[in-house]
Number of protein chains: 2
Amino acid sequence: MTTDCNRCPLRKLPAFVEFNRNDLSFMQKFKSGELTIDPKTPLLMEGSNSPQLFTSLRGMGLRYKTLEDGQRQVINFVFPGDFIGMQAAVMGEMCHSVEATTSMTLCVFNRSEFWNFFKENPERAFDLTWLSAVEEHFLGEALTSIGQRTAMQAMSWAFVRIFLRGQSLGMVENAVMPLPYKQQDIADALGLSLVHTNKTLAKLRDLQLASWSDGVLQINDLEALAEIAHTSSDPLPERPLI
Amino acid sequence: MTTDCNRCPLRKLPAFVEFNRNDLSFMQKFKSGELTIDPKTPLLMEGSNSPQLFTSLRGMGLRYKTLEDGQRQVINFVFPGDFIGMQAAVMGEMCHSVEATTSMTLCVFNRSEFWNFFKENPERAFDLTWLSAVEEHFLGEALTSIGQRTAMQAMSWAFVRIFLRGQSLGMVENAVMPLPYKQQDIADALGLSLVHTNKTLAKLRDLQLASWSDGVLQINDLEALAEIAHTSSDPLPERPLI
DNA sequence: CGTGTCCTTGAAGCGCATCAATGTTGGTGG
DNA sequence: CCACCAACATTGATGCGCTTCAAGGACACG
């Protein structure tokens, strides 16, 4: 049996706006099942037109684009609570791929119901637009990071973002959170080579600012990292959960 | 007097999805006036919470973010038909600035009406989400460009994008279109230095692929540019006009 | 004419990519 | 139990693409 939205473990996290009773029943109706996938399983492919939408319930993944010459740009990391597949739902096809990094459990929605959000539930439709706008915001920041910041600054920025994300999801304990990616993933996210990524990580470790190994990220000085990156270390605002 | 939406010059362009009678009257009701601004006038500032939304009717502008150390990242170029200010409308504050490059005329909407899109006109609400998703798509591509492509590839990509945009807006004649920006603007968009931007432009000119000077862009070989950048040169899909 | 803005070009140096080799860990089969 | 292999992390050496610095040219404007 699938998880009842009533008991969804994500709902009580500080990251998300509270559900009311109406939202609950509406979402429950929308939900069509649950999916569990293994690490490295592709969930959506660039150019695909999947009939399904997902919300990540557990585990982590990657969004990325690949160029014809094999280069890969990681667009974002997928955390619990992320809504996946809106591009396909709106534009008819995905313009990036999504794959699992760890084992993941996903809430599955039927795309044919997507339109009902707009027709029957303007609040939820607004939430969708909100999510889209937040993602746009994030990508603007990422663009700024890659375009204008040095490797040190970019990595500091990335760690601050990731850590704040982790905090809002209750994944942080004693300034430590799980981050089960490979160095190549971060390298592809920041537009750096694997080697330089490794050396930059070593520098951050030497400076006692942050250390990341064995899939665990430890932040020793969030403020200092934020200052290096010229970014804010304020907690993230609550976001709607779809 | 302001332009009647009935006679809006943008409507008949191939870039946009056709309006029906309902849309027209709805939009006309939503419209609260027109604004004309001079070059270099800031329209929206990062962090601001403007009560107004805009659609660009004429002229060109820039979206950009600035870092505390003075670096600037150009997020996108503003062309006629672009909807401006959705982030503030949805999230409560802009996360990038917008300013005019040429003189611009803008259609002004009242933000307090924004919610009516969702409440009264689900089709238009969907269009808003569509626009947001397209912008997200674009930023993903831009990220890939800056992160993975060389200067030559990135600039080829940018010219292809800009040219296709110009074509859909009827700005291209004999493979030539107006592009009234400065080299510094493109440099900040692609994360390159002014000097290297200049040299890359010279190279594209020498190779007879594209030349851009005096605010005019001439594309000599669109296919070759697209190939260099590993990108598509297909015409853009129609988009909704808000 | 002087001044400001933008474009252009050469020279020098650095940040990062690339190449190459080695270390570490976990899994697999003999 | 050890030999072997694959995947990932680490580290040094070399070189290129880009940034930075610097100077001059072209043009518009008061």
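**Exercise 1. In this predicted model, how do the residues of the surface near DNA strand D divide by class?**

Solution.
Step 1. Sort the residues of the surface near DNA strand D: four are nonpolar, six are polar and three are charged.
Step 2. List those that come nearest. Of the 13 residues around DNA strand D, these are A:K182, A:Q183, B:A151, B:S193 and B:H196.
Step 3. Turn to the strand itself. Of the atoms of DNA strand D that come within 4 Å of the protein, 61% belong to sugar and phosphate.

**Exercise 2. Which atoms of DNA strand D lie 2.9 Å from B:A151, 3.0 Å from the side chain of B:H196 and 3.2 Å from the side chain of A:K199?**

Solution.
Step 1. For B:A151, a backbone N or O atom is 2.9 Å from a phosphate oxygen of DNA strand D.
Step 2. For B:H196, a side-chain N or O atom is 3.0 Å from a phosphate oxygen of the strand.
Step 3. For A:K199, a side-chain N or O atom is 3.2 Å from a base nitrogen of DNA strand D.
Step 4. Assign elements. α7 (194-206) of chain A and α7 (194-206) of chain B are the elements that give two or more residues to the surface near DNA strand D. The largest share, three residues, comes from α7(A).

**Exercise 3. Describe the surface near DNA strand C by class, by nearest residues and by element.**

Solution.
Step 1. By class, the surface near DNA strand C has four nonpolar, six polar and three charged residues.
Step 2. Around DNA strand C there are 13 residues, and A:A151, A:S193, B:K182, B:Q183 and B:N198 come nearest. Sugar and phosphate make up 66% of the atoms of DNA strand C that come within 4 Å of the protein.
Step 3. By element, α7 of chain A and α7 of chain B each supply at least two residues of the surface near DNA strand C. α7(B) gives the most, with three residues.

**Exercise 4. For DNA strand C, which part of the strand is 3.2 Å from the side chain of A:H196, 3.0 Å from that of B:N198 and 3.2 Å from that of B:K199?**

Solution.
Step 1. An N or O atom in the side chain of A:H196 has a phosphate oxygen of DNA strand C at 3.2 Å.
Step 2. For the side chain of B:N198, the partner is a phosphate oxygen of the strand, 3.0 Å from an N or O atom.
Step 3. For B:K199, a polar side-chain atom lies 3.2 Å from a base nitrogen of DNA strand C.

**Exercise 5. How many residues does each chain bring to the contact of chain A and chain B, and what area is buried between the two chains?**

Solution.
Step 1. Chain A brings 45 residues and chain B brings 45 residues.
Step 2. About 4300 Å² is buried between chain A and chain B, with 68% of this area from carbon and sulfur atoms.
Step 3. On the side of chain A, A:E136, A:L143 and A:Q148 lose the most area to chain B, together 17% of what that side buries.

**Exercise 6. How many salt bridges and residue pairs in polar contact are found between chain A and chain B, and which element of chain A gives the most residues to the side that touches chain B?**

Solution.
Step 1. Count the salt bridges across the interface of chain A and chain B: zero.
Step 2. Count the residue pairs in polar contact, both residues at pLDDT 80 or more: 14.
Step 3. List the elements of chain A that each supply at least two residues of this side: β5 (72-78), α2 (86-91), α3 (114-120) and α4 (122-148).
Step 4. Identify the main contributor. α4(A) gives the most, with 21 residues.
Step 5. Classify the side of chain A that touches chain B: 21 nonpolar, 13 polar and 11 charged residues.

Terms used
Residues numbered from 1 in each chain as written. Chains lettered and ligands numbered in written order. Predicted model: local features only at pLDDT ≥ 70, side-chain atom pairs only at ≥ 80, totals over all residues. Heavy atoms only, no water. Contact = heavy atoms within 4.5 Å. Buried area = accessible area lost by both parts, 1.4 Å probe. Salt bridge = Lys/Arg side-chain N within 4 Å of Asp/Glu carboxyl O. Polar contact = N/O pair within 3.5 Å; in protein donor to acceptor, adjacent residues only side chain to side chain. Helix = DSSP H or I, 4+ residues; strand = E, 2+ residues; numbered from the N terminus. Nonpolar A, V, L, I, M, F, W, Y, C, P; charged D, E, K, R; others polar. Near = heavy atom within 4 Å.
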